[in-house]
Amino acid sequence: MKTIKKITLVVLMLSTTLSYAGKKEKDNAKAFAKSILVEFVNAKKGQKLLVKNEHGIILHSETLKNSGDLSKAFNLNQLEDGKYTIELEKDYEIIIKPVEIKNNVLTFLQNKEIKIFKPLVRHNKNKLLISQLSLSSVPVKVEIFYEDELIYSETINDEKTINRVYKLQNEQFGNYHAIVKSDNRSYIEHFKL
């Protein structure tokens, strides 16, 4: 009878151990399913790499320490089901690689990768120059402020290439800033006359 109890106890312990090992293996499979390797060509030191959720909230941000082609593995185990983007913010463009997590499986949406061109804002004496390439012809809103007071606003529609020159008054010296809004993003340039 003692032998039967010992065998039963050993079988129960072995069964519990195997069950735990199976669960651990299943968890590791989920962890692997929520990891992704992302590659960017011609990245440069100082550029930003971001992970955002579908509401644009930054979940991860890092500044690149080296230049060259970039391969970065992301472990997204802590994220819930939803849509996310992995973005490389370069000098004049942003490369956006969307991913989706559904039922603990991560999918890289290659056919939805996009490139957004940032506006180029320069000033020369009393002239403000704004240029932007918009491949999708999205509306671009320009706002110019003098000492935090809005002095000019314009929305530009249906133009793929935007080139604008705004002449500011010579006698209004002080702090200015321009805000350019496009693709649900805002770009701010501060300058003085």
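Here, buried means under 20% relative accessible area, exposed means over 50%, and partly exposed is what falls in between. With that in hand, here's a quick tour of this predicted model. We'll look at a four-strand sheet, a cluster of aromatic rings, and some of the eleven salt bridges that turn up across the whole structure.

**The sheet**

- Strands of a sheet pair through backbone hydrogen bonds, and they can do that either parallel or antiparallel.
- One open sheet here is built from four strands in the order β12-β11-β14-β15, and the pairing is antiparallel.
- β12 (149–156) and β15 sit at the edges, each with pairing on one side only.
- Going from one strand to the next, the twist averages 15 degrees.
- Take β11 and β14: their antiparallel pairing runs over six bridges.
- Lys141 has Lys181 of β14 standing opposite.

**The aromatic rings**

- For a pair of aromatic rings, the description comes down to the distance of the centres and the angle of the planes.
- How many aromatic pairs are there? The count comes to three.
- Tyr146 and Tyr176 make a tilted pair, because the planes of the two rings stand at 50 degrees, with 4.9 Å between the centres; a pair counts as tilted when the angle is neither under 30 degrees nor over 60.
- That pair links distant parts of the chain, since Tyr146 belongs to strand β11 (residues 140–146) and Tyr176 to strand β14 (residues 175–182), 30 residues apart.
- Tyr176 also pairs with Phe191, and this time the rings are stacked: the centres are 5.5 Å apart and the planes differ by 10 degrees.
- Again, distant parts of the chain are linked, with Tyr176 in β14 and Phe191 in strand β15 (residues 185–192), 15 residues apart.
- Put the ring pairs together and you get a cluster of Tyr146, Tyr176 and Phe191.
- Buried or exposed, what are Tyr146 and Tyr176? Both are buried.
- Tyr176 has a relative accessible area of 1%, so Tyr176 counts as buried.
- Phe191 comes in at 6% relative accessibility, so Phe191 is buried too.

**Lys97 and its partners**

- Lys97 lies over the face of Phe40, 4.8 Å from the ring centre.
- Lys97 also forms a salt bridge with Glu113, where the closest N and O atoms are 3.5 Å apart.
- Lys97 is in strand β6 (residues 93–102), while Glu113 is in the loop between β7 (105–108) and β8 (114–117), so this salt bridge ties together parts that are 16 residues apart in sequence.
- With a relative accessible area of 9%, Lys97 is buried, whereas Glu113, at 36%, is partly exposed.

**Other salt bridges**

- Side chains of opposite charge can pair when their charged atoms come close.
- Glu159 and Arg164 form a salt bridge, with the closest N and O atoms 3.2 Å apart.
- Why is Glu159 called partly exposed? Because the relative accessible area of Glu159 is 26%, which falls between the 20% and 50% cut-offs.
- Lys52, Glu87 and Arg185 are joined into one network by salt bridges that share partners.
- Glu93 and Lys90 meet through their side chains in a salt bridge of 3.9 Å, N to O.
- Glu93 has 15% relative accessibility, so Glu93 counts as buried, and Lys90, at 10%, counts as buried as well.

Note on methods. Residues numbered from 1 in each chain as written. Predicted model: local features only at pLDDT ≥ 70, side-chain atom pairs only at ≥ 80, totals over all residues. Heavy atoms only, no water. Phe/Tyr/Trp six-rings, centres within 6.5 Å; stacked < 30°, edge-to-face > 60°. Helix = DSSP H or I, 4+ residues; strand = E, 2+ residues; numbered from the N terminus. Buried < 20%, exposed > 50% of the residue type's maximum accessible area, 1.4 Å probe, protein only. Lys NZ or Arg CZ within 6 Å of the ring centre and 35° of its normal. Salt bridge = Lys/Arg side-chain N within 4 Å of Asp/Glu carboxyl O. Pairing = 2+ DSSP bridges. Axes fitted to C-alpha atoms, helices over the stretch in contact; angles between N-to-C directions.
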